[in-house]
Amino acid sequence: MKMKQNWLYVSLVTLLLTLPPAPVYGGGSSEEETQTLAPYFFVEGADPAVDHFPLKDTTVESHINGAIAETYVTQTYSNEGSRPINASYVFPVSTKVSVHGMTMTIDDQVISAQIQEKEEAKETFETAKSEGKSASLLEEQRPNVFTMDVANIMPGDEVRIKLHYTELIGSTDGTYQFVFPTVTGPRYPSPSEADDPQAEKWVASPYLPQGSTVPGTYAVTVDISAGVPISQITSPSHQIKVSQEEATLAQVTLADPSVYAGDRDLILEYTLAGETLAGGLQLDKGDDESFFMLTLQPPERVLPQDILPREYIFVLDVSGSMGGYPLDTAKSLIRDLVSGLTAQDSFNLILFSDDTIPLADRSLPADRSNINLALDLIDRLEGGGGTMLAPALLKALSLPQDGETARSIVIITDGYLSGEKEIFDLVRKNLGDTSFFSFGIGTSVNRYLIEGIGTVGAGEAFVVTDEEEAPEAAARFRTYIQAPLLTDIQVDFDGFEAYDVEPSAIPTLFAKKPVVLFGKWRGEPSGTIHVSGKTAKGDYQLDIPVSQAAEKPADPAIRYLWARTRVAQLTDLGSPKGDEDAVRKEVTDLGLRYSMMTPYTSFVAVSETVRNPQGESTDVDQPLPLPSRVSDLAVGAIGYTTGSEPGGICLILMALLLPAVWHLRKRATGCPKADRV
């Protein structure tokens with residue numbers, strides 16, 4: 001057996017050494033490269049007449065009033081080359097935002113963008129482009145990924161695009177967190193997407209190699225008005241400067257504007273001195289429609305006396321983008337999670353990149369011997385290959401299950417893949433007997449995937465940006481799943497005519513985290529809202545008089561938050577199949593009615609002046625920086641071939657892991673065939 005193992009190991013290494021290196025592409029794309037539908041490294045072309053970096057400046061101004069944030073993002077494009085260009089740029093937004101405004105300024109002319117159906121907006125933009133007019137097009141590729149296209153930027157031009165959006169700031173255990181994503185990490189496409197002509201081509205984006213100097217500037221200013229004293233404003237992502245002339249007001253800027261801030265999510269955390277933001281009910285009475293926002297502050301945390309035996313399946317991403325710091329952080333996290341299991345628990349560990357490798361064929365008792373097996377395995381890991389989460393999740397769901405045990409699947413990844421809705425569908429179909437939790441590892445994770453798993457899976461989502469945060473995140477996770485606060489939550493409206501309430505169903509609360517409901521109302525602001533549920537101590541009841549909310553100032557942002565929540569329920573998290581046409585129509589109507597970005601509506605702005613009468617211009621895809629502390633493996637391992645053959649990095653991973661996995665699986669299962677990985 002040892003000779004067989006050594007022979008296989010040597011064969012893999014020999015094969016690896018015969019493979020050519022992963023390619024580094026230039027600014028253009030050949031037909032073969034386009035077929036890969038994968039990110040590639042940018043190499044500056046030899047034509048000095050073309051400006052490949054037209055985005056010169058990004059300015060972010062956010063105003064947080066209570067729990068609602070209004071954000072304005074200004075992108076300044078200019079052409080320092082000698083030829084007209086058309087520029088494309090990919091950038092992220094929060095998964096929670098409602099984008100409802102856009103303007104384009106050129107030659108001191110301010111043009112308000114119009115919301116149109118996606119195909120119509122694209123046609124409007126292409127027509128203006130062919131006519132030599134300057135134009136801009138904002139499209140949603142994912143709920144957290146947008147593309148900006150700007151046409152006919154003439155030499156010496158300066159074009160400013162200003163976006164306006166609204167979001168709700170969440171809190172957990174009294175800590176409020178504002179997240180502003182700055183860069184879209186590379187996505188690993190599934191094989192079906194590479195062959196699909198309708199697949200989103202933004203996945204094939206150019207990236208600068210790790211450590212490259214990023215052109216352009218990135219400035220951020222956040223104003224906070226809480227209504228109660230603010231304390232402990234911190235940022236785990238950036239060095240910040242805090243100005244606080246009044247206890248209830250604060251302004252946050254970057255400590256050193258010369259340090260590039262656009263390669264990792266900006267995260268601000270703050271607490272309120274001895275109090276929480278006023279919950280309860282907020283109303284917005286309009287001429288045609290009226291809206292409400294109901295915030296439910298959960299009761300204090302209580303620990304149940306009896307906890308059922310639990311099974312934890314840890315699904316760990318070991319792909320190329322996780323190489324280095326992200327995987328080191330994931331190792332610390334899973335080491336802490338596994339070490340904290342109790343004797344009555346069971347667990348399993350599934351590794352995935354291009355391939356899926358389980359620790360054992362069924363979950364193992366959480367005794368010290370089996371825990372050491374898992375710790376030994378993760379200590380040997382190195383990142384390599386693509387991010388193929390769906391097969392790993394299917395493997396986790398197929399493991400034998402004990403009907404007397406509560407199963408939780410814990411997914412640990414940076415989320416650099418493009419098939420999110422496939423994952424959401426898998427989660428939704430298996431909610432009956434499984435809870436799903438997600439840990440995002442990295443400075444610029446795919447929050448659409450990470451937060452979506454927690455939302456669809458009736459669990460919780462966590463983001464860990466640094467290895468030092470892993471123990472705290474693991475401790476929070478254990479507390480959440482062992483201490484449900486409020487179950488069987490019901491909201492009844494007595495004398496208050498509410499309708500179109502979102503979300504329609506409220507899951508079990510696993511944390512000290514407010515629940516927020518949005519809806520519409522008719523008639524007079526009167527009556528009572530009854531909230532009921534169950535805690536470990538017994539029944540819970542809360543009554544909220546509507547008349548008290550009528551005395552507070554109205555907030556017009558509530559209508560956009562309601563519309564965004566409704567769209568999310570319909571599309572973002574993968575609605576059940578069979579009603580696509582109805583969903584598309586309703587989402588399109590919402591986008592047009594509330595002048596809001598959706599998967600089926602886009603903003604387009606067109607200057608009526610013909611500025612490029614010759615019509616000759618060069619298309620430029622602005623390169624993106626790799627997210628901070630993400631290695632070149634995130635791009636180099638992808639796009640190795642047309643997608644039908646394994647990449648070299650995957651073979652590196654298998655060569656390194658095969659002996660360890662063979663040995664560990666044999667010990668874990670006691671199966672004489674365990675050497676067949």
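**A four-stranded sheet and a pair of helices**

Let's start with one small pairing: Q282 has M293 in β20 as its bridge partner. This is a predicted model, so keep that in mind as you look around. The pairing belongs to a contact between two strands, β19 and β20, which run antiparallel and are joined by 5 bridges. To get from β19 to β20, the chain makes a hairpin through 5 residues.

Now widen the view. β19 and β20 belong to an open sheet of 4 strands, and if you walk across this sheet you meet β19, β20, β30 and β29 in that order, with antiparallel pairing. What about the edges? β19 (280-284) and β29 (497-502) stand there, and each has a single partner strand, so one side of each is left without a neighbour in the sheet. The strands of this sheet aren't lined up perfectly, either: neighbours are turned by 30° against each other on average, direction ignored.

Step inward from β19 and you're on β20, which covers residues 290-296 and pairs with β30, residues 515-522, in the antiparallel sense over 7 bridges. You can pick out individual partners here. F291 sits opposite K520 in β30, while T295 faces V516 in β30.

Is β20 mostly covered or mostly open? Covered, with 7 of its 7 residues buried. Its side chains go two ways: S290, F292, L294 and L296 point to one side of β20, F291, M293 and T295 point to the other, and all are buried. So M293, where we began as the partner of Q282, is among the buried residues of β20.

Leave the sheet now and look for two helices, α7 (residues 389-398) and α8 (residues 420-429). Their axes come within 10 Å and cross at roughly 10°. Angles under 35 degrees count as roughly parallel, and α7 and α8 are therefore roughly parallel to each other.

Which residues make the contact between α7 and α8? From α7 come L389, A390, L393, L394 and L397, and they meet E422, I423, L426 and V427 in α8. Sorted by class, this contact has 8 nonpolar residues, no polar ones and 1 charged residue.

How values were computed. Residues are numbered from 1 along each chain as its sequence is written. This is a predicted model: local features need pLDDT of at least 70, side-chain atom pairs count only at pLDDT 80 or more; totals for chains, interfaces and linings use all residues. Side-chain values use heavy atoms; hydrogens and water are left out. Two strands pair if DSSP finds at least two bridges between them. Axes are lines fitted to C-alpha atoms, for helices over the stretch in contact, and angles run from 0 to 180 degrees between N-to-C directions. Buried means under 20% relative accessible area, exposed over 50%, partly exposed in between (1.4 Å probe, protein chains only). Angles under 35 degrees count as roughly parallel, over 145 as roughly antiparallel, 65 to 115 as roughly perpendicular and the rest as oblique. Contact means heavy atoms within 4.5 Å. Ala, Val, Leu, Ile, Met, Phe, Trp, Tyr, Cys and Pro count as nonpolar, Asp, Glu, Lys and Arg as charged, and the others, Gly among them, as polar.
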